[in-house]
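Thanks for coming. I will show one structure and then go through a few of its strands and helices.

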Amino acid sequence: MARNRFRQLIITLGLLLAPVASATAQENTEAVVLSRQGTPVEVPAAPPVSLTHEPPVGVEDVPTLAQIPVALRQGVLVETLNGTTVMAQGTEQGFNPASAVKLATALTALRTLGPQHRFSTAIWTTGTFDATTGTVTGDLVVSGRDPSFHDEHAVLLARELNRLGIRTVTGDLVVAPRFTMNFSPSSVRSGERLYDTLDATRRPASATRAWYESRAAVGDTSNLVNAPSVAVMGAVYVSSVPSGAKMIVTHKSSPLIDILKVLLCYSNNFMAERLGDSLGGPDGVRRFLVQDVGLPEGEVRLASTSGLGVNRLTPRGMLKIYRALREELSESGHTPADIMPVAGIDPGTLERRYRFSAGRGSIIAKTGTLIRTDGGASALVGQFRTQSGETLLFVIFNQRGSVVRFRDAQDRIIADLQAARGGPAPFVYSPHALAMRLVDTELDPAKPASKDEYEPIAN
């Protein structure tokens with residue numbers, strides 16, 4: 001039986017080399033729309049795999065992995081935790097890892113910033129404040145580079161400004177050049193969205209829903225009777241913070257570890273690029289991989305920190321990155337499941353792919369998909385668990401073919417390896433809805449906002 005499974009695995013690998021039609025759909029990595037769903041679920045024990053894909057009748061001589069030419073289509077590396085090679089194909093060849101590049105970005109961010117790092121968004125005012133009318137005669141200025149700043153955070157700021165007595169700003173809303181909101185790369189559009197969301201009379205219905213959902217997620221529903229509101233009477237401008245402005249409050253994002261969970265589950269390109277900006281961009285991440293992780297310079301080519309474009313990594317280099325990521329997480333008491341999607345359970349790129357699979361809950365992995373680049377590229381990188389008690393680490397890179405066919409073959413490889421070890425076994429994992437909603441934010445107590453911080457009213 002074990003020999004039959006191995007023969008089938010070889011055939012699966014060989015089928016990937018058959019000619020396939022080039023995809024014509026637009027290039028796209030995983031979906032970047034952040035769902036607000038994500039309720040805790042119980043993870044049942046995975047049932048044994050029933051192998052129904054027996055080798056075709058008449059197949060006698062199955063080639064070994066070494067006899068199958070790579071032909072720029074596939075690279076595979078599977079290892080045990082102690083480094084013993086279980087399967088290897090094209091391990092020194094450069095492939096396009098697509099969105100699996102986000103694992104390198106995540107590793108660099110964790111090592112550089114730390115898992116508990118929070119991105120700040122500061123609120124400033126210019127001019128004077130009249131406490132009797134709740135009016136700032138001047139501008140409201142917002143600065144920050146939080147890649148996760150969203151509608152609910154803007155309403156939270158409005159509530160804090162109301163707590164300070166501010167309800168009207170006679171001047172303009174000024175946003176710093178790098179401020180963005182709702183995953184929009186445009187500071188102008190982000191400023192316009194913030195302008196509307198601060199004001200309850202202009203607030204979009206979707207922003208109101210986001211606010212209610214975020215409060216419900218943290219059990220804070222006592223103050224939802226009165227809608228927070230700050231009306232800015234002027235226009236929206238993009239400019240740097242004026243030298244005379246006074247900071248009145250700082251909003252801090254969820255910890256980086258939670259931001260990474262959302263980023264990797266949904267493979268959010270915008271968040272990855274913004275996070276990469278704070279790390280020196282593609283060059284900064286590449287430099288880290290070479291100098292800190294030890295990848296040979298010739299084996300790393302990064303055009304982006306999200307995986308868009310033409311990037312190059314070898315399967316061996318990618319597995320080295322993944323091992324370094326595991327070690328970095330372990331040092332702070334975390335596991336890969338704290339930042340990566342658990343197949344069939346977490347919302348995002350692996351939810352539907354494994355929802356009804358026997359492997360549900362037994363695979364933690366990052367996907368990668370490019371429809372057009374390199375003739376079609378697909379990747380799956382992570383770890384899986386088996387009934388024998390093993391956890392195996394794996395990298396599967398494919399390119400120049402149908403991404404749908406590539407995904408099927410990737411799933412077959414993992415299923416066969418698990419079946420040969422007694423079947424899949426789920427990881428111990430409890431979904432955490434708060435990490436999906438990014439509501440574990442803070443208002444910085446180190447910068448207490450009080451009325452004394454405003455300029456006095458001119459006589």
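Before anything else, a term: two strands pair here if DSSP finds at least two bridges between them. With that in hand, look at W124, which stands opposite M247 in β11. This is a predicted model, so please read everything that follows as computed from that prediction.

The strand I will start with is β3, residues 120-125. β3 pairs with β11, residues 246-252, in the antiparallel sense, over six bridges. What does β3 have with β6, residues 140-144? Five bridges, and the two strands again run antiparallel. A122 has S143 as its bridge partner in β6. As for accessibility, five of the six residues of β3 are buried, and the strand is mostly covered.

Some overall numbers. The protein has twelve helices and 15 strands. Of its 459 residues, 56% count as buried. If you take the contacts with a separation of 6 or more, 77% of them are between residues 24 or more positions apart.

Next, the open sheet. Which order do its five strands take? Reading across, the order is β2-β1-β14-β13-β12, and the pairing is antiparallel. β2 (85-89) and β12 (363-370) are the edge strands, each pairing on one side only. From one strand to the next the twist averages 5°. Helix α11, residues 403-419, packs on this sheet. α11 touches β1, β2, β12, β13 (377-385) and β14 (391-399), and its direction makes about 20° with that of β13.

Inside that sheet, I want to stay on β1, which covers residues 74-80. On one side, β1 and β2 pair in the antiparallel sense over four bridges. On the other, seven bridges join β1 to β14, also antiparallel. V78 is a useful residue to click on: its bridge partner in β2 is M87, and its bridge partner in β14 is F394. β1 and β2 form a hairpin with four residues between them. In that turn, G83 has a positive phi of about 95°.

Is β1 covered or open? Mostly covered, with seven of its seven residues buried. Q74, V76, V78 and T80 point one way from the strand, while G75, L77 and E79 point the other way. The residues of both sets are buried.

Now the helices, and mainly α7, residues 269-277. Seven of the nine residues of α7 are buried, so the helix is largely enclosed by the rest of the structure. Those buried residues are N269, F270, M271, A272, R274, L275 and G276. What covers them? The cover includes α2, α6 (256-266) and α8 (281-293). I have packing numbers for two of these neighbours.

Two packed helices are described by the angle between their axes and the distance between the axes. I will give both values each time.

Take α2 first, residues 101-113. α2 packs against α7 at an angle of about 40°, with the axes 10 Å apart. That angle makes α2 oblique to α7. The crossing of this pair is left-handed. From α2, the contact is made by K102, T105, A109 and L113; from α7, by N269, A272, L275 and G276. Sorted by class, the contact of α2 with α7 has four nonpolar, three polar and one charged residues.

Then α6. Here the angle with α7 is about 140° and the axes are 9 Å apart. α6 and α7 are therefore oblique to each other; the cut-off for roughly antiparallel is over 145 degrees. The crossing of α6 and α7 is left-handed. In this contact, L256, I259, L260, V262 and L263 of α6 meet M271, A272 and L275 of α7. By class, the residues of the contact of α6 with α7 divide into eight nonpolar, no polar and no charged.

If you want to follow this on screen, A272 and L275 of α7 appear in the contact with α2, and also in the contact with α6.

That is what I have on these elements. I can go back to the sheet or to the helices if anyone wants to look again.

Technical notes. Residues are numbered from 1 along each chain as its sequence is written. This is a predicted model: local features need pLDDT of at least 70, side-chain atom pairs count only at pLDDT 80 or more; totals for chains, interfaces and linings use all residues. Side-chain values use heavy atoms; hydrogens and water are left out. Axes are lines fitted to C-alpha atoms, for helices over the stretch in contact, and angles run from 0 to 180 degrees between N-to-C directions. Contact means heavy atoms within 4.5 Å. Angles under 35 degrees count as roughly parallel, over 145 as roughly antiparallel, 65 to 115 as roughly perpendicular and the rest as oblique. A crossing is left-handed if the near helix is turned anticlockwise from the far one by less than a right angle, and right-handed if clockwise. Ala, Val, Leu, Ile, Met, Phe, Trp, Tyr, Cys and Pro count as nonpolar, Asp, Glu, Lys and Arg as charged, and the others, Gly among them, as polar. Buried means under 20% relative accessible area, exposed over 50%, partly exposed in between (1.4 Å probe, protein chains only).
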